[in-house]
Structure formats: structure tokens, C-alpha cells
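This briefing concerns unusual backbone geometry in a protein chain. Please examine the sequence and the structure below before reading the points that follow.

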Amino acid sequence: MATSLIPLSSSFLQPLKFKTLAKPRTPLNLSTTRKTITTCDSQNKNTGASSNPSSRNPNFQKRRKSSKYGTSRRSILKKSFLQEQVTFTARVSEDPQVAIIGGGMAGLVCALNLEARGVKSTVFDTGIHGLGGRLGTRFVEPQGLVFDHAAQFFTADDSRFIQYVDGWLEKGLVREWKGAVGELEVGGSFTQFPSSSPPKYIAVNGMRSLADSLLLESRLANVVRPCWISKLEPLNGMWHLSENGTPRGQFDVIVIAHNGKCANRLLSASGLPLVAKQMKKLDLSSIWALLAAFNDPLPTVNFEGAFVKGIESLSWMGNNSAKLGNGGTPHCWTFFSTAAYGKQNKVPQENIPTVTSEKVKAGMLQGVEIALGLPEGSLPKPVYTRLQLWGAALPKNTPAVPCIFDPQGRAGICGDWLLGSNLESAAISGEALGNHIADYLQNSEADPEEFAIGLHDRPSPLAGHDIGQFPGLTSVGEKQEAEAYQLL
């Protein structure tokens, strides 16, 4: 697979001016890491003050020892600001290994580009049934139900991403979605996107099949799943990874290719305060996904996918059976709520109360009824339902940088949120970080600071549909408004 995905140089990230160090890096047999306290006290303007918190507060150590940080964003943030910065000073291994935590689009493309540059990697993913992250597909047996329960489709606008899509088309991994897709107004008024809209792509056997296929031909990328990396520890010039106390290997460089509360918890005591701080600036939406199967076709439906307008409990409805060409019955639908509805009804996604589940399911099915213009109570009763909360669904802000990399701590971040909220952004970010890390590893005599990127960029609000961005796919209403403006 990697041979068909020709990587681009990471020079597009920023100009890199290499310079030879006056002294070689510390030999391997000497101290391999240096820790320095990094504080975030904006009120301390005295540069001569000690950076040791205990010198400012004699009770600091006692307080820290007795503290019990939870998993709330506030406690994680507090803990991250107090952690020490790890600085690796030894040369990397002659045969460097990169750990990629997260097997979504960004992490997989990062691994592919590292392989194309001759760098080995291991992808750790929590998926029990397969890889993919938001490239999620649920198969329900023995009924033979198939639901794409995260990413529904994607478009390609950037030439770098188009190169990947062309390769997937050639291999038969994806195909163009020819079904009717558009916008649905309250009452059942459907308007299809015009034929001039960019192609819409789907994976041939459900989105997860694309993720599972990307590294099949890889020789330098290993996949470990299901695995939930719970600790990152710098020791003897390497990153040591573990899962609930079980060692999962040691690596020269680490990549965080997922986000949300779990990523924040992982970084909160990693020795990477700059990376952790950037991750915590990310603002994520919450969206409910309702999978429902019906024995009979939904009344009045003349489309395969629709962005729903004007209903708070519903933002998207898609017919998986028609989209994937499965035909027959039952008819499998994926319904998504709006981000506002997700926020109003947000609960811990690992333990959804029954009362909340029933309320949300009823509200979303009622939204379907209203969207289709059906009489109250006339929507066919589904023969199967499953409700899922995407608590960290999609980014609401972005620093607009391809990737983040801390050369001192030899750690990076990739993901769609760094550029947008879609598969295209994820792929471009993964490509950027993979090439950037390869450049870093293959220019060992350069000043590491020349490779720092994205550690201080401030995020700005991100616009798009509740279920993400689709480059080139303009809203029907926006297109009509633009055309009217041009006529004036």
C-alpha cells in the first residue's frame, strides 16, 4: 500500500534551516534525559525566581503528596501545568521506532508515511473489532445489519488527499456514492445537491473496511489492538509505554493520534507540558448516534442521505442499506443529533442512564417523523435500535497547523482538529507529522529546536456541519444565496 502513496516533503510545514551543532549530542552511555520544571504562573515576572515550586511554597510537596487528581478537565489541567518537561539529549537509536497511539485516519496515514521513509512504527488502537476511530462500522449478527455509525462519507478537495483517494479507488477500497444526498427541510422537502457538487466517497464494505485495509501491505508498521495505552514514561532515552501496568514496548518517538478526555489523561503526567497544553485547548462537540433498522422503507423518503435542517434533535439521516448496496430488509439507518442536542443531554458515555437513553431515542425518532412530515405516531417502529454518545465527536476550534511536534520530548500530535473536522484534514495531518518525524530522525546533527512546530499556536473557531466538514460541498441554501448575490 505504501508504494502507491508517495509522501510529500514536510517542507510545506515551515522552512527548516539546518545548522551543525557545536558539540555532538550526549553519548548514549551518559545521561539520556534532562528534566526541568516548567511553570505556568503568569504573575511571576521575576526571571531570577526559582523555578522550583517548593521554593515558593514550603507546603508544596506536602500538598502534592496528599492531592488526588481526578479525571475532570480542571484537575487534569492543574496537574499538567505542574509537570516537568522531559528533554532527551542522547542520539536516537540507529533503527528508530515510533509509537502511534490511535488507529484512526491520522494515525494510519502517519504510519504509512513513516514506512515510505524507512521508519518503523507500531500503531496502538483500542478497537476491539477493527481499526478506524471515526471510520466506524457496526455489524449486527445474525440479522446481518450494517451501520456506518461515525463518518458517513467524505469528499476530496486537497491535491494531497486526492492522491490517497485515487489509490484507494484503484485498489477497490472506496467508490463514489451516487445516491441522492442533499438537505431535508421540516415537513419532508428534500433538495438534492447539484450534479456539479464534488464526488462523495464511501468505503465499499463500510467505513471500517478502509481503515483495516490501509496497513495490510505494510512491512514496517505493526498494529496492536485492542490496547489502551495508559502510561507514557521517559527512561534511559526512550519512551516506555504500558497498559495498566503491562509493558507495551519502548520507542524513540511517540505520536498521539487521538484526542478527548483519554488523551488529556495520558498526557497529564507524561513530561510534555507544552504538548499537553495544546491538546487541552481543543474544544469538542458531543453528538448522539442512533442506529435503527426498519422492516419497511421509511414513508416519503426519496434520498439516501440528508442533512436535516430546523430540528434540534436531528442533524443527519442516512440509509446504510441503500448506500452500501445491501438491499433487502431490514433497512438500516444512522441518525445523528445536533451538537446542541448532544450538549443538552450529555452524560458519561461509558455509563448512559436508562432514562437518558430512552429520552434521547424518543426525541430523535420524533425528529425523524417531523423531518419527513409524517403524522404524529406514524413512524414505523424499528426492529432494532442502538444508541451511542460520541462524547468527543468533532472539533469546534482549530490551530490551523498541520501537526504539533516537541523535538525536546520527541513527541507529536496529529489529527483532523489541527486543520479542520473531516477525513481529509486527518490524512493531511498524519502525512505531515510522519514526514516531519522522518526529517527529524534523518537529520540528527541539526538543532532539535529547528523541528519544533505548533507548540504555541492559538486555536480559532471552526465552522461546518454538525457531523463535520465536506470540502467543496456547499449548502444548497448558501449556494442559492450566493447566486442571488451575483445576480444583483
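The model is predicted. Two topics are treated here: cis peptide bonds that precede proline, at Pro142 and at Pro226, and positive phi values outside glycine, at Asn236 and at Ala400.

**Cis peptide bonds**

- Glu141 and Pro142 are joined by a cis peptide bond, for which omega is about 10°.
- Pro142 belongs to the loop that runs between β5 (137-140) and β6 (145-148).
- Arg225 and Pro226 are likewise linked through a cis peptide bond; here omega is about -10°.
- The loop between β11 (221-224) and β12 (231-235) holds Pro226.

**Positive phi in residues other than glycine**

- Asn236, a residue other than glycine, has a positive phi near 55°.
- The location of Asn236 is the loop between β12 and β13 (238-243).
- Asn236 counts as exposed because its relative accessibility is 61%, and the cut-off for that class is over 50%.
- Ala400 also has a positive phi without being glycine, with a value near 60°.
- Ala400 sits in the loop between β21 (397-398) and β22 (404-406).
- The relative accessible area of Ala400 is 52%, so this residue is classed as exposed.

**Strand β12 and its flanking loops**

- Strand β12 (231-235) follows the loop that contains Pro226, and the loop from β12 to β13 contains Asn236.

Terms used:
Residues numbered from 1 in each chain as written. Predicted model: local features only at pLDDT ≥ 70, side-chain atom pairs only at ≥ 80, totals over all residues. Heavy atoms only, no water. Helix = DSSP H or I, 4+ residues; strand = E, 2+ residues; numbered from the N terminus. Buried < 20%, exposed > 50% of the residue type's maximum accessible area, 1.4 Å probe, protein only.
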